[in-house]
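This report describes the fold-level features of one protein chain and then examines selected aromatic, helical and buried sites. The sequence and the structure are shown first.

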Amino acid sequence: MSKMNKKSIYDCFGNLTITRRITLLYGGLFSLSLLVLSGFFFLNITILEQNNTRKQLETTISNIEYFLDDGGVLTNDNLKTLLDNKYVEVSIFSYSENEGFYSHVGEVPSFIKQPPQDLYHIKEQEETNSIWSKKKHHKAAEYQIRSLKELGINQQEFLLEGMNKQKFMLLSTQYEANADKYLIQVFKQLNGNQYFMRSFVIKMLFADLLGICCAMLVGRYISCRVLKPVKQIRTTAEQISIYDLSQRIDVDGPDDEMKELSITFNSMIARLETAFQKQNQFVSDASHELRTPISVIQGYASLINRWGKSNPDVLQESIDSILGETEHMKELIHNLLFLAKSDQNRMQAKKERMCLNDVAQEIVKELQVIDSNHHISYDGAETVEILGAPDLLKQLLWIHGENALKYTAENGSIHVRVWKDKKYGYVSIKDDGIGISKKEQSKIFDRFYREDKSRNKEISGTGLGLSIAKWIIQSHNGEILVESKQGEGATFIDKIPLYEETVSK
């Protein structure tokens, strides 16, 4: 078959639906198996017929030999009584009496040996394979030998076929009994039940056609049943949109691959729904956070337009407020861009071997410079080396330090500590501020989340700091631990794997 024909067949088969492909595949395999089995049964029936016939002929010979050994007198009538099967015919020639005895009526078949000719030299007649090819009064061979088997000493089996397609099995043996020698020839027509065979073949073909039709119907039913979850997935997927992610697939049924696929699909939709909800919440919160400073700027701009031209105090107050709000917007937009890049995996932490103590000491010094109203202390007796990005880790500690300053009253204490164990390095920033309730601790890393008590104008912020801190610590394969009680301060502990120096072999 050419490549073009193979491609055409593949294209035609590939354009079919999965249901039809499964139906054709299942029906085709079942039909092929059915045809093979039918052929096998037909061949076995032929073999069984030959084996059954051989057994009948051997039984008849055994009966005759037993009769001769017992001193029985051969006559045509006695011979007929020795036959168990009426379709078996016998020819016996007695060499001492030079007489033949036959169980059949009418002319003796041409393949029966008539002494003194020797039936046992038939194999030498290779030019025609005919028993009677050398009989002068026969102008053509009436029977041909299809097979010849030596069953033992002086015993042979012939399968003969005549010109009219008649088939016979002939067993020939020489036997001696009571000082006499006999040539026993037993035969039976094999295709005498042609009507039965023809009827059997017709019924078998009809059964095959019925089986093929049933196979196609069963294949279609099975394919529809198997692919039912796939259709449900398709229907559910068609109903899902960005505005409606609540649709789910029914997962009732057996624990098979289709159920696993349905569960996986439902899990994917649930994650998408959660992601869209977070995105919508993020956009809503970002809009809210941006709307407030814009409204303030707009208000002060209107105030300047009405009164600021003639009143220097109003003008200065408006300018200071506008500058403060623009700085807040700048910080907010910077944080939004940072988170957007991190979500898109565009932020890469350039890690190197570094000392965690140096970053912590640098943060402590900066906090002491910008704030003199708090007692800021440091404890880092042991050196802690990690694999990290210095700039990102400084930003991480700055977020914690800035939050500690915001939520700790004046003259409060802030303590920075660095230590390690066998696998991890730790840096903690502890304050004695307002603390965080247990209920709120699971939410503080959400974007734009700020505890209700902190939602006032005295404490600035965007609500994005801890979200950024969470991303930074995760990029370092670390973890942020929170220890806090309401009104008793808070401790943020950053846990980062220690630096492990690889030894080259």
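## Surface and overall composition

The protein chain exposes about 31900 Å², and carbon and sulfur atoms supply 54% of that area. The model is a predicted one. Eleven helices and 13 strands are found in the protein chain. Of its 505 residues, 36% are buried. Among the contacts in the protein chain with a separation of 6 or more, 61% are between residues 24 or more positions apart.

## Aromatic pairs and charges over rings

A pair of aromatic rings is described by the distance of the centres and the angle of the planes. The model contains three aromatic pairs. Two of them are listed here with their geometry.

| Pair | Arrangement | Centre to centre | Angle between the planes |
|---|---|---|---|
| Phe168 and Phe187 | edge-to-face | 6.1 Å | 65° |
| Trp419 and Tyr426 | stacked | 5.2 Å | 10° |

The pair of Phe168 and Phe187 links distant parts of the chain: Phe168 belongs to strand S5 (residues 167–177) and Phe187 to strand S6 (residues 180–189), with their positions 19 residues apart in sequence. Phe168 has 10% relative accessibility and therefore counts as buried. Phe187, at 4% relative accessibility, also counts as buried. The angle of 65° between the planes of Phe168 and Phe187 makes the pair edge-to-face, because planes over 60 degrees apart are assigned to that class. In the stacked pair, both Trp419 and Tyr426 are buried.

Charged side chains also lie over aromatic rings. Lys181 is placed over the face of Tyr95, at 5.6 Å from the ring centre. The charged end of Lys495 sits over the ring of Tyr424, 4.4 Å from its centre.

## Helix H8 and its two sides

Helix H8 (residues 356–370) has 15 residues, which should span 21 Å at 1.5 Å a residue; the C-alpha atoms at its ends are 22 Å apart, so the two values agree. The buried residues of H8 are Leu356, Asn357, Val359, Ala360, Ile363, Val364 and Leu367. These residues cover an arc of only 165° around the axis and therefore lie on the same side of H8. Lys365 and Val369, on the other side of H8, are exposed.

Several elements cover the buried residues of H8. The cover includes helix H9 (390–406), together with strand S7 (352–355), strand S8 (375–379), strand S9 (385–388), strand S10 (413–420) and strand S11 (424–431).

## Two sites within helices

Asp208 is part of helix H4 (residues 194–226). With a relative accessible area of 5%, Asp208 is buried, because buried means under 20% relative accessible area. Leaving aside residues up to four places away in sequence, Asp208 touches Leu34, Leu35 and Ser38. The C-alpha atoms of Asp208 and Leu37 are separated by 9.8 Å, although these residues are 171 residues apart along the chain.

Ile304 is located in helix H6 (residues 257–308). Not counting residues up to four places away in sequence, Ile304 touches Lys309, Leu315, Ser318 and Ile322. Ile304 and Ile319 are 15 residues apart in sequence, and their C-alpha atoms are 8.6 Å apart in space.

Conventions. Residues numbered from 1 in each chain as written. Predicted model: local features only at pLDDT ≥ 70, side-chain atom pairs only at ≥ 80, totals over all residues. Heavy atoms only, no water. Phe/Tyr/Trp six-rings, centres within 6.5 Å; stacked < 30°, edge-to-face > 60°. Helix = DSSP H or I, 4+ residues; strand = E, 2+ residues; numbered from the N terminus. Buried < 20%, exposed > 50% of the residue type's maximum accessible area, 1.4 Å probe, protein only. Lys NZ or Arg CZ within 6 Å of the ring centre and 35° of its normal. Contact = heavy atoms within 4.5 Å. Areas by Shrake-Rupley, 256 points an atom, 1.4 Å probe, with all protein chains shown as cover. Expected span 1.5 Å × (residues − 1). Arc of directions from axis to C-beta.
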